[in-house]
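Welcome, and please open the structure in your viewer. We will go from stop to stop, selecting a few things at each one.

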Amino acid sequence: MPAPARIRIDLNSPVPAYRQIVDAVRVLLVEGTLAPGVALPSVRRLAMELGVHFNTVGEAYRVLAEEGWLDLHHGRGAIVLDRAQRPSAPPERLQEFRDRLRGLIAQMRAEGIPAARIAAELKNLTEALKL
Amino acid sequence: MSLNLIFAISLFFISALTLVLPALSPARFLFGVRVSQPFRRTEPGRRARRLYYSHDLTGILLTIGIAAAVGTTHIWLWYLAGILPPVFAAIGYNRASRHLRPFAAPSDAPAVREADLSLEPDRLPRFTLLGFPPFLLPVAGALWVRAHWNEIPAHIPIHYGIDGQPNGWTTRTPLHLYGWFIFITGMLLLLFAMSVVGYHGARRSPARRTMLAMMISIMYPMSLIFGGVGVWVAHHFNMWIVLAILPPFVAGMVWWNHVRARDPQPSADATPDECWSTGDVYNNPDDPALFVPKRLGYGYTINFGNPAGKWVCAGFLSGIGLMIAFLFWMRR
């Protein structure tokens, strides 16, 4: 039985809803829950289920298409692409991710999470995402 | 069997429905306003209900009074007065709703929303096929008329007085006899189309299936009664046999709604309070849903903030207008 491909967004979160959708769908794509060739719900249907504006989901799909995850075709919806040949991130993107991770880890440490626990969480998440 | 008597029975059911309306609403809503569970028993809750009932009863009594005053000489006034109970109920609903606004409970619309991306395509349930048999009844009626064409009198009644005697006649033509079946088929098509559009335009929830099931259920008595009238015009038979299904059907629908409205685990209501106005009118341009469950307790309503919602509403009303125009043209 395939794993459920559920996404969850919090409308009270300071993170914009479209960004939450991008992040949630990307996790499902990276871990393989959404396999290449799978058709995602139409913009209208997903917007309706989440109770957000069409543009919010449309923007999320556009971002994922720009990242090479989705093939957007008018009338056909969004199809998951095969990213067997993953593009290697340029050094400046790597630095950007490093900065974001550093900020997040600093926040976790500030909230009392031990460094060993953070390292273990990172390791588990990396393995779960089959990187 | 008098058509005016049929109208009087319909009026009775409409009045009865408007009277039980507050009891049909889900416990978390009263006249479209979000309230806490015990609110109905408080004085403001009781006052709102009194306000509603006073309007509703005024409409019902006015209708009865007008009918008694004008008698059978101005029967058209009966029809005109017949719209008073729902109109007065709507006014009472709005006034009660406005009265309750200051007591509205905080919104419990969930901030966390979930969606399943791997769901099967949004197909109609199999029971939707049950929407087709009602179309067979007008066809059967038309076939019966065709088979008994020579037995139908050259002049057929098209209008009846309150005494049940015909007071309007026309000649036996295919248009006059088959037109009624075309009319009812058109009305059934409209209802079926609205059911399907409503299903696809609403968020996935058990209530959506219930709405579709109810709409399809309504097609059966509609087809039976109106199809029966089409045959009855050509050959009188005891219409009470057909009309007898109406009371248990309406009672069944009311009970079904009541059970659903009392569901202890209702679907989360994601509609913001400020988007509901004039009782049960929903207008939210940011909500892509075309149809949302009414707070009234039964059925769905169009989201007028959605441009497609306005088109659906206009299309439905135009369809009804077209069918009524056809009816008048047919009986000219």
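**Chain A at a glance**

Of the 131 residues of chain A, 24% count as buried. A residue is called buried if 20 or more other C-beta atoms lie within 10 Å of its own, exposed if 12 or fewer, and partly exposed in between, with C-beta atoms placed from the backbone. Before you select anything, note that this is a predicted model, in which local features need pLDDT of at least 70 and side-chain atom pairs count only at pLDDT 80 or more, while totals for chains, interfaces and linings use all residues. Residues are numbered from 1 along each chain as its sequence is written, and chains are lettered from A and ligands numbered from 1 in the order in which they are written.

Color chain A by secondary structure: five helices and four strands should appear. Helices (H or I, at least four residues) and strands (E, at least two) are DSSP runs, numbered from the N terminus. Their order along the sequence is β-α-β-α-α-β-β-α-α. The C-alpha trace of chain A spans about 50 × 35 × 35 Å along its principal axes.

**Stop 1: a strand that pairs across chains**

Select residues 6-10 of chain A, strand β1, together with residues 112-116 of chain B, strand β3. The two run antiparallel and are joined by five bridges; strands pair if DSSP finds at least two bridges between them. Two partnerships to look for are Asp10(A) with Val112(B) and Ile7(A) with Ala115(B).

Now show the side chains of β1(A). Which of them are buried? Ile7(A) and Ile9(A) are, and they point to one face, while Arg6(A), Arg8(A) and Asp10(A) point to the other and are not buried. In a regular strand the side chains alternate between the two faces of the sheet.

Widen the selection to the whole contact between the chains: 24 residues come from chain A and 16 residues from chain B. Contact here means C-beta atoms, placed from the backbone, within 7 Å. On the chain B side, the residues divide into eight charged, seven nonpolar and one polar. Ala, Val, Leu, Ile, Met, Phe, Trp, Tyr, Cys and Pro count as nonpolar, Asp, Glu, Lys and Arg as charged, and the others, Gly among them, as polar.

**Stop 2: a three-stranded sheet**

Back in chain A, find the open sheet with the order β2-β4-β3 and antiparallel pairing. β2 (39-40) and β3 (70-73) of chain A stand at the edges with a single partner strand each, so one side of each has no neighbour in the sheet. Four bridges join β3(A) to β4 (residues 77-80) of chain A, and Asp71(A) stands opposite Ile79(A). Next, add helix α3 (residues 54-66) of chain A, which packs on the sheet by touching β3 and β4 of chain A. The direction of α3(A) makes about 125° with that of β3(A).

**Stop 3: the nonpolar cores**

Select Ile21(A), Val25(A), Val57(A) and Ala60(A), the residues with the most contacts inside the largest nonpolar core, which has 57 residues. Such a core is a set of buried Ala, Val, Leu, Ile, Met, Phe, Trp, Tyr and Cys residues joined through C-beta atoms within 7 Å. The largest share of this core, nine residues, comes from α7(B). Apart from it lies another core, of 14 residues, including Leu30(B) and Tyr93(B).

**Stop 4: a helix pair in chain B**

Which helix does α6 (residues 174-200) of chain B run alongside? Select α7 (residues 206-234) of chain B: the two axes come within 10 Å and cross at roughly 180°. The helices are therefore roughly antiparallel to each other, a term for angles over 145 degrees. Their contact holds 20 nonpolar residues, five polar and one charged.

**Stop 5: two single residues**

Select Gly92(B), in helix α4 (residues 84-100) of chain B. Is Gly92(B) buried or exposed? Gly92(B) counts as buried because it has 27 C-beta neighbours inside 10 Å. Beyond four places in sequence, its contacts include Leu51(B), Tyr52(B) and His55(B).

Finish at Thr170(B), in strand β5 (residues 166-171) of chain B. Thr170(B) has 17 C-beta neighbours inside 10 Å, so it counts as partly exposed. Setting aside neighbours within four places in sequence, Thr170(B) is in contact with Ile156(B), Ile158(B) and His176(B).

Definitions and conventions. Axes fitted to C-alpha atoms, helices over the stretch in contact; angles between N-to-C directions. Parallel < 35°, antiparallel > 145°, perpendicular 65-115°, else oblique. Contact = placed C-beta atoms within 7 Å.
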